[in-house]
Amino acid sequence: MISFYEAFLAELAIHRIGNKSQDEFYVLSDQSLHIQDNLLKNLLLQYFLSPYQKVNEIYRFTHPNNDLNLNEVYHFAEAIFADGSTFHENSQQLAKYLYEVSGHPKIKSGELYVAYFENVQIEGELLDAIGIFKSETKETYLKVYPEQAGFNLSYEEDAINITKLDKGCLIFNTDKEEGFKVAVIDQTNRTAEAVYWKDEFLKLKVRNDNYNQTNNVLGVYKSFVTEKLDEEFEMTKADKIDLLNKSMKYFKEKESFDLDEFANEVIANEDGIESFKNFKKSYEEEFDTAIPDSFDINTAAVKKQARVFKSIIKLDRNFHIYIHGDKELIEKGFDEDKSMNYYKVYFKEEA
């Protein structure tokens, strides 16, 4: 979805952001950089942009008051797109604002990079983009170099691994009225304090496109099968796995989703269908996210969800049973003599 084969790094500003609650401060650079060294420029493109090649979920800026101009990052990005000569001034404002929201004691200090790119491709369109990145994790590297008749070693501390971008976002100069197109990376601190990057600093909402719609329906259906069905129906694990397998088969074979068609083909039970539709409605109300009853299926979202759709029955610590097809070929029972449950599996050939 995002590629940078034609991308050009036009300008770069670097600042340092401390943790406010630890009485650390920010340090702002006086001027931005125009990188001339082609090797360094290519390394920076690799560091900043390569993680986005696997990103499919696109966000938009938002604000609780529904006024985009009150979103600070949106405001500064819009100013840069409108007048490139204000790039460094607005990069400083972004640094100050990030410092203000870095109040949790576990938020790490680090360098903030604000970059201006040209010709970054998203969804088939070449656009200018503003990148905001933060490096928090530092590593030590060994260096081997020739000396006299052999080699020697040295090291460099507090260096940055260019294959590990900690936090970042790309803001594309399109759809300004809707809050731009924004792609996000956050690889560190996957705990409560990490929400400051996406929720407090950037203030984003997911764009309601077919990737998000596909992802949401599959996620809602998985939660319905694994968490809700037991409350209303007697279901074995094999029955649940069969329902999950049928749903994944539907999404892999169809080009578009239709709620009634999906419910009739996959659930195929009137009470179950009504329960699922009510469960979907409750999800939409709880998370303020509308999921339409029909949309084009996004294959990338299907692949993502397929990784978390489990088809395994785990039996104590002795056996795992993988169910990929007809659940009628597996039966569950109870052995009175051994006082243990059992599964009976039918098959024609042993591989």
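**Exercise 1.** Leaving aside its neighbours within four places in sequence, find which residues Gln305 is in contact with.

*Solution.* Start with the ground rules: this is a predicted model, where local features need pLDDT of at least 70, side-chain atom pairs count only at pLDDT 80 or more, and totals for chains, interfaces and linings use all residues. Residues are numbered from 1 along each chain as its sequence is written, and side-chain values use heavy atoms, with hydrogens and water left out. Next, look for contacts, meaning heavy atoms within 4.5 Å. Beyond those sequence neighbours, Gln305 touches Asn215, Leu218, Gly219 and Met248.

**Exercise 2.** Is Gln305 buried or exposed, and where do the buried residues of its helix pack?

*Solution.* First, place Gln305 in helix H9, which covers residues 299-306. Its relative accessible area is 10%, so Gln305 is buried (buried is under 20%, exposed over 50%, with a 1.4 Å probe and protein chains only). Now add Ala301 and Val302, which are buried in H9 along with Gln305. Down the axis of H9 these residues fall within an arc of 100°, so they line one face (the arc uses directions from the helix axis to the C-beta atoms). That buried set packs against helix H5 (210-232) and H6. On the face turned away sit the exposed residues Thr299 and Lys303.

**Exercise 3.** Work out which residues of H6 meet H7.

*Solution.* Take H6 as residues 237-253 and H7 as residues 259-267. From H6 come Leu243, Lys246, Ser247, Tyr250 and Phe251, which meet Glu261, Phe262, Glu265, Val266 and Ile267 of H7.

Notes: Axes are lines fitted to C-alpha atoms, for helices over the stretch in contact, and angles run from 0 to 180 degrees between N-to-C directions. Helices (H or I, at least four residues) and strands (E, at least two) are DSSP runs, numbered from the N terminus.
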